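Good morning, colleagues. I should like to take a few minutes to introduce a structure that is new to most of this group. Please look at the sequence and the fold together.

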Amino acid sequence: MWAKAGELHLSGQVDGRHTPGIREALYRLLEGDAPVVVDLSAVSSIDLPALRLLAAASRQSGRAGQRLTLRGCSPSVRRLLRLSRMAHCVALERAAAPV
């Protein structure tokens, strides 16, 4: 996990063990005025506690007038978001159209 200029990049297996560090990094980024992007393109798997954290941070950012967007969600992450009924709680960046 690493963060820079309004972006949080996650990689590998993201599960409940990682949520405290992710929470700290996310809320630090959300203290600023810039939109926040969470890049999941290098995530191999993610569990429900981690998705709940992202959904809660997204709701909080919306209440504060900010925007949190998930980038690079794999089909399995998108499926888990739909199955857990959290897809409506987060903004997903649209994939670029193939050239």
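Let me begin with a term: a nonpolar core is a set of buried Ala, Val, Leu, Ile, Met, Phe, Trp, Tyr and Cys residues joined through side-chain atoms within 4.5 Å. I should add that what you see is a predicted model.

In this model, the largest nonpolar core comprises 27 residues. Leu-26, Val-38, Leu-40 and Leu-70 are those with the most contacts inside it. Two or more residues of this core are contributed by each of β2, α1, β3 (36-46), α2, β4 (68-71) and α3 (75-83). Its largest share, six residues, is supplied by α2.

Consider next Leu-26. Leaving aside residues up to four places away in sequence, Leu-26 touches Leu-8, Val-36, Val-38, Leu-53, Leu-54, Ala-57 and Leu-68.

One of these partners, Leu-53, deserves a closer look. Leu-53 sits in helix α2, which spans residues 48-63. Is Leu-53 buried or exposed? Its relative accessible area is 6%, so Leu-53 counts as buried, the cut-off being under 20%. With the same sequence neighbours left out, its contacts are Thr-19, Ile-22, Arg-23, Leu-26 and Tyr-27. Gly-12, by contrast, is separated from Leu-53 by 41 residues in sequence and by 17 Å in space, C-alpha to C-alpha.

Finally, I turn to a loop. Asp-15 is found between β2 (7-14) and α1 (19-30). Asp-15 is buried because its relative accessibility is 15%. Its side chain makes a polar contact, at 2.7 Å, with the side chain of Arg-17.

Thank you for your attention.

Methods:
Residues are numbered from 1 along each chain as its sequence is written. This is a predicted model: local features need pLDDT of at least 70, side-chain atom pairs count only at pLDDT 80 or more; totals for chains, interfaces and linings use all residues. Side-chain values use heavy atoms; hydrogens and water are left out. Helices (H or I, at least four residues) and strands (E, at least two) are DSSP runs, numbered from the N terminus. Buried means under 20% relative accessible area, exposed over 50%, partly exposed in between (1.4 Å probe, protein chains only). Contact means heavy atoms within 4.5 Å. A polar contact is a pair of N or O atoms within 3.5 Å; within protein, one must be able to donate a hydrogen and the other to accept it, and residues adjacent in sequence count only if both atoms are side-chain atoms.
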